[in-house]
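Reader: I have a new protein model on my screen. Can we go through it together, one question at a time?

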Amino acid sequence: MSRNTFFIDSKPISLDSPTYFIADVAANHDGSLEKAKELIYLSAEAGADAAKFQHFTAETIVSDYGFKSLGNQQSHQASWKKSVYEVYDDASLPKEWTETLRDTCNDAGITFFTSPYSLDLIDYVDPYVPAYKIGSGDLTSYTLIEHMLSKKKPIILATGASDMNEVNDVVGLILKQTNQFVLMQCNTNYTASTDNFNYINLNVLKTFSSHYPEIVLGLSDHTPGHTTVLGAVTLGARVIEKHFTDDCDREGPDHKFSMDPVTWKEMVDRTRELESSLGDGVKRIESNEKETTVLQRRSVRLTKDILANTKLKPSDLEILRPCPEDAVAPSELNEILGRRLKYNLKKGDYIKWKDLS
């Protein structure tokens, strides 16, 4: 597979493109269309390239019986005051909002995304989305993935709570159909604990890059702040997904581990600085430091007045700043010892090759 660039709306997605930011609103609309629209505008102002939602109904994504059979609610669900089924039911997004959300994103100048969680919903949202995001939980849901692939649009895949064998299997499935594909490292602990930094394992991005050097990499992240985002971009990630809200203290399943407009903008601004600082990897004297090569480097200078035809010896020479462009460098000192001057030179003058016979 050749190195490629593809587009989501008008934005290029490639290994060499600016980082693409997806604000995952998810359930942070809290059942309010107006809140969902507000979050779209806020995320756009904070620098997001896209706002993402999730299309599901409780009965198409969770088994009420199955979760109750587990006994106590676990992990981040342990703090939920309602059953898992009830929380998902409250968080579901009415299909009737879809066109309005898409139009609001258009008005805000960003792209509308959603993750559909059933075959019927894939068909329903297809006219509204330019690409598909597959959440970590559906990494093994091949029927859903194959149906998304049949729509011939870019695929973004999160890989939380999976091992490399599972990743290889699903990547192989996807690459049979398209190379317009983003492979995201992810950790699916949603507790917002700082302990999660110990498990995000950003170096997996290096493993992905080694296995799939032409695939665009990304990070779907649930850790606090943006430290992991900067690390991921340094390691080559070019698509970032973080949850977005207007208030992390609001009640709801996703608010606690989301970013707000202030922290989101800070993340984007620092990422843009990082992108500028990464450069192209070619070691050279940069244009903004050419003057300092004169100021900071040393040159070979005379310790006293020297007459023409004098043979240079070590006591005649010293190594001091600055170093004009035509000066003999200290690294060349041994090459000029024993050479004769063509001209009379004064103490402190620097030696040029044209001064030597």
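Reader: Is Asp-30 buried, partly exposed or exposed?

Author: This is a predicted model, and Asp-30 sits in its loop between E3 and H1. Buried would need under 20% relative accessible area, and exposed over 50%. Asp-30 has 36%, so the residue counts as partly exposed.

Reader: What is the phi of Asp-30?

Author: Most residues other than glycine have a negative phi. Asp-30 is not a glycine, yet its phi is positive. The value is about 55°.

Reader: Which residues are linked with Asp-30 in a network of salt bridges?

Author: Side chains of opposite charge can pair when their charged atoms come close. Asp-30 takes part in such a network. The other members are Lys-35, Glu-38, Asp-246 and Arg-250.

Reader: Ala-26 also has a positive phi. Is Ala-26 buried or exposed?

Author: Ala-26 is found in the loop between E3 and H1. Its phi is near 50°. Its relative accessible area is 3%, and the limit for buried is under 20%. Ala-26 is therefore buried.

Reader: How many salt bridges does the structure hold, and how far apart are N and O in the one between Asp-49 and Lys-11?

Author: The structure holds 22 salt bridges. In one of them, the side chains of Asp-49 and Lys-11 meet. The N to O distance is 2.5 Å.

Reader: How many residues apart are Asp-49 and Lys-11 in the chain?

Author: Lys-11 belongs to strand E2 (residues 11-13). Asp-49 lies in the loop between helix H1 (33-45) and strand E4 (50-55). The pair links distant parts of the chain, 38 residues apart.

Reader: Which residue has a relative accessible area of 9%?

Author: Lys-11 has 32% relative accessibility, so Lys-11 counts as partly exposed. Its partner is buried. The residue with 9% is Asp-49.

Reader: Lys-52 forms a salt bridge with Asp-24. Are these two residues buried or exposed?

Author: Their closest N and O atoms are 3.4 Å apart. The pair joins strand E4, which holds Lys-52, to strand E3, which holds Asp-24. Lys-52 has a relative accessible area of 1%, and Asp-24 has 2%. With under 20% needed, both are buried.

Reader: Is Asp-280, which meets Arg-284 in a salt bridge, buried or exposed?

Author: The N to O distance in this pair is 3.0 Å. Arg-284 is partly exposed at 36% relative accessibility. Asp-280 stands at 52%, and the cut-off is over 50%, so Asp-280 is exposed.

Reader: Which residues have the most contacts inside the largest nonpolar core?

Author: This core has 56 residues. Helix H8 (residues 164-175) gives the most to it, with 5 residues. Those with the most contacts inside the core are Phe-53, Leu-183 and Trp-264.

Reader: What does Leu-183 touch?

Author: Leave out residues up to four places away in sequence. Among the rest, Leu-183 touches Leu-157, Val-167 and Val-171. Its partners also include Phe-208, Tyr-212 and Ile-215.

Reader: Why are the buried residues of H10 on the same side of the helix?

Author: An α-helix has 3.6 residues a turn, so residues three or four places apart point the same way. In H10 (residues 227-234), the buried ones are Thr-228, Val-229, Ala-232 and Val-233. They lie on the same side of H10 because they cover an arc of only 135°.

Reader: What covers the buried residues of H10?

Author: The cover includes two helices and three strands. The helices are H9 (204-211) and H11 (261-278). The strands are E3 (20-24), E9 (216-221) and E10 (237-243).

Reader: Which residues does a cis peptide bond join?

Author: Most peptide bonds are trans. Here one has an omega of about 0°. Its proline is found in the loop between strand E12 (317-320) and helix H13 (333-336). The bond joins Arg-321 and Pro-322.

Reader: What radius of gyration does the protein have?

Author: A compact globule of 357 residues would come near 21 Å. The C-alpha trace spans about 100 × 45 × 40 Å along its principal axes. The protein's radius of gyration is 30 Å.

Methods
Residues are numbered from 1 along each chain as its sequence is written. This is a predicted model: local features need pLDDT of at least 70, side-chain atom pairs count only at pLDDT 80 or more; totals for chains, interfaces and linings use all residues. Side-chain values use heavy atoms; hydrogens and water are left out. A nonpolar core is a set of buried Ala, Val, Leu, Ile, Met, Phe, Trp, Tyr and Cys residues joined through side-chain atoms within 4.5 Å. Buried means under 20% relative accessible area, exposed over 50%, partly exposed in between (1.4 Å probe, protein chains only). Helices (H or I, at least four residues) and strands (E, at least two) are DSSP runs, numbered from the N terminus. Contact means heavy atoms within 4.5 Å. The arc is that of the directions from the helix axis to the C-beta atoms. The radius of gyration is taken over C-alpha atoms; the globule rule is 2.2 Å times the number of residues to the power 0.38. A salt bridge is a side-chain nitrogen of Lys or Arg within 4 Å of a carboxyl oxygen of Asp or Glu.
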